[in-house]
Each structure stands twice: as C-alpha cells, then as structure tokens.
Amino acid sequence: MPRLVASGQRPSHITRDATQRMNAAMHYLDFEKPLAEIEGKAEELRALARRSEGANVADEAAALDRKAADMLVDLYKNLTPWRKCQVARHPQRPHCEAYIKALFTEYTPLAGDRNFADDHAVMGGLARFDDQPVVVIGHEKGHDTKTRIERNFGMARPEGYRKAVRLMDMADRFGLPVITLVDTPGAYPGKGAEERGQSEAIARSTEKCLQIGVPLISIIIGEGGSGGAVAFATADKLAMLEHSVYSVISPEGCASILWKDAEKMREAAEALRLTAQDLHKLGVCDLVIKEPTGGAQRDTEATIAEVGKAIRSMLAQLKDAGGADLIASRRRKYLDMGSKGLAA
C-alpha cells in the first residue's frame, strides 16, 4: 500500500457557518450531483431559519448534513481513475500560487528567460522554506477567467521552460534546493510555441533536472500532464497528492488516438495507470499525500499544510547528500524506472 501522509483536522478558526458558505459556493463534479442536492437542501433549510425566527429546522438540517457527510465518504472511498482525473482538474483545488503564499516566506519572483519573454504559466523565484533558502518553481493555472487566460491554463510555452532552466542553474550555482509544484494539462501546443522550440525547451529542462547537484523535490498537486510535467518532475523525490494524476497523455487524447473516440476516456484512464496509487506501485511516485475527504478543494488549508510536511520530510532525507551522489542516484532512479510492473 502507498504510504499516506495523514491529513490534519479542519483548522479550528474555520467555523461551521464558514464551512456552510464554502459548500454553498462549491463547484460540484458530475459524480457529486446527488451530494449537491442534499447539501443544497440543508442550506435552504438554514436560509429559511435565518429568514423566519420561528422556524425550527435545525434537527432536519443536521440530519441532512450527516447524510451528506456519509455520502461524501462513500463517493471518495474508491474513486475510479477517471473520477480522479476530474478531481485533479477541479477548479477550486489550491494551485501553485496558493502553496507559495502559504508555505514560503520572502518569496522573490524572477521573470523571463533572458531570450524571448516571461511566461506567466510558470512562476518561480527565490524563497525561504522553514527559513532555509530555496528556489521554488511551479505551473500556475489561475483561479478565475481573467487569471486563467493570463496563465494560459497552466500550459507553459518554451520561454516558461527556459525560465525554469535559468532558475535551476542559479540554484545549482548557489547550492539551493529546488522545489517544483506541478499542475499542468501539458505544454502549450500552439504554432508560436512550436516555432520557438517547444520540444527542445522541454528536453533541456528535463536534462537540467538530471544535471543539478542540489536536492530536487517535486509535488504533483493536480494534473501532471505529459512532457510539460516531466520537465519539472525529474526529481530526487516525487510526491503526489492522493487524487492527483501523472501521465504521458490525457485520457481524452489517448482515447482519440487508440479508439478515435474521445468519449472512451474512462477506459483510457484505466489503461494509463495514472493515479498516485498505481504510480507508487510502479516506483514512479515516492510518496502519496493524503487529501481531506472530498479532495483538496474542500479543505485547502489542511491540504497545503500536509504538502508542507511532505516537503519538510523529503528535504530532511536529502540534506546530507553530496552533489555527485545526488546526480548519480537521480540518474539511476530514472534508468531503473520501468523495472516494476502491475498485474493487469
């Protein structure tokens, strides 16, 4: 079984009313529609009680809350790979910017690839983690329409990967650990990106991951899509959130190629073995970080705190390793990858 980093309890300062307001604004996935109906009815009863002081509906609302809590546990107990893809893409999951704000201090963003432009899909710079100087790099998807367009939905262009190479070079020069936060559907496939050498930029970034003589740890916080994710995640230690995914291609893309039908994405998701649990068995993922019941989007603070614990643990494991040893063990790790298999 994968090792799970236990999720903490909801912070005490988040009150019941705040939780209810959060659930009222929750974006529900397709398979969560029955849950949405129950939570919606509970909220309607509470709204009725607020409007009519004489309305005694507290017991009925509490019963619905209990039913919703039980249903949430059942829904997330054994998610299929396709449902995990849906959860990994949830628009309310915490993204890179939220992790950086919560876990790092003195964050100083660095921009541009010193060649063409600054890619807003990739953010990174100098920071401190537990007062230790580090370099942090990650994909940022954005949180609303404006920022998603600005961030290109987390799909990096060549200049984003060249910016990452520049930051990793700097980290290597000054002996700073590198922490990457991966959340991308894949590298941007547009005409301009291809003209500026998208595949070469991804390859250079992956190569740089294998060359730097400092600890490199990576967390898949949502989607780990194709080479766009590998370019940041060729690390000494790779951790994945419980409901994140990591794959050479999206299920829809795989289904379109194999069956000429994108609607077969459920079968493709099963075949790709893209879940954190399968990848742990295959030796690709070193650590699975447990999410709160209902996914990271239902308790972002607890999720971010658990990611912080995982980063702290992995940095501690690598702190005494020398540069040559890190490079050699990292190279050996990826040459050995594929030696494990999964039963069909």
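N152 is buried, with a relative accessible area of 10%. It's a predicted model we're looking at, and N152 sits in the loop between α6 (145-150) and α7 (158-174). Below are that loop, the strands around β5, and two surface patches.

**The loop between α6 and α7**

- N152 has a phi near 55°, which is positive even though the residue isn't a glycine.
- Most residues other than glycine have a negative phi.
- F153 is in on this too: its phi is positive at about 55°, and again it's no glycine.
- Like N152, F153 belongs to the loop between α6 and α7.
- Buried or partly exposed? F153 counts as partly exposed because its relative accessibility is 43%, while N152 is buried at 10%.

**Strand β5 and its partners**

- β5 covers residues 178-184, and seven of its seven residues are buried.
- Which residues cover the two faces of β5? On one side you'll find V178, T180, V182 and T184, and on the other I179, L181 and D183, all buried.
- On one edge of the pairing list is β4 (residues 132-139), joined to β5 by four bridges, with the two strands running parallel.
- If you want a spot to check in the β4 pairing, look at G138, which stands opposite L181 of β5.
- β6 (residues 216-225) also pairs with β5, through six bridges, and this pair is parallel as well.
- Over in β6, G224 is the bridge partner of T184.
- So L181 and T184 both belong to the buried set, L181 facing G138 and T184 bridging to G224.

**A nonpolar surface patch**

- I257, L258 and W259 together make a nonpolar patch of about 330 Å² on the surface.
- L258 is part of helix α11, which spans residues 251-258.
- Buried or exposed? L258 is exposed, because its relative accessible area is 57% and the cut-off for exposed is over 50%.

**A negative surface patch**

- Which residues form the negative patch? D261, E263, E267 and E270 do.
- One of them, E270, is found in helix α12 (residues 265-272).
- E270 has 44% relative accessibility, so it counts as partly exposed.

How values were computed. Residues numbered from 1 in each chain as written. Predicted model: local features only at pLDDT ≥ 70, side-chain atom pairs only at ≥ 80, totals over all residues. Heavy atoms only, no water. Patch = residues over 30% accessible without salt bridge, like charges linked within 9 Å, V, L, I, M, F, W, Y side chains within 5 Å. Areas by Shrake-Rupley, 256 points an atom, 1.4 Å probe, with all protein chains shown as cover. Salt bridge = Lys/Arg side-chain N within 4 Å of Asp/Glu carboxyl O. Lys, Arg positive; Asp, Glu negative; His and termini not counted. Charge placed at Lys NZ, Arg CZ, Asp CG, Glu CD. Buried < 20%, exposed > 50% of the residue type's maximum accessible area, 1.4 Å probe, protein only. Pairing = 2+ DSSP bridges.
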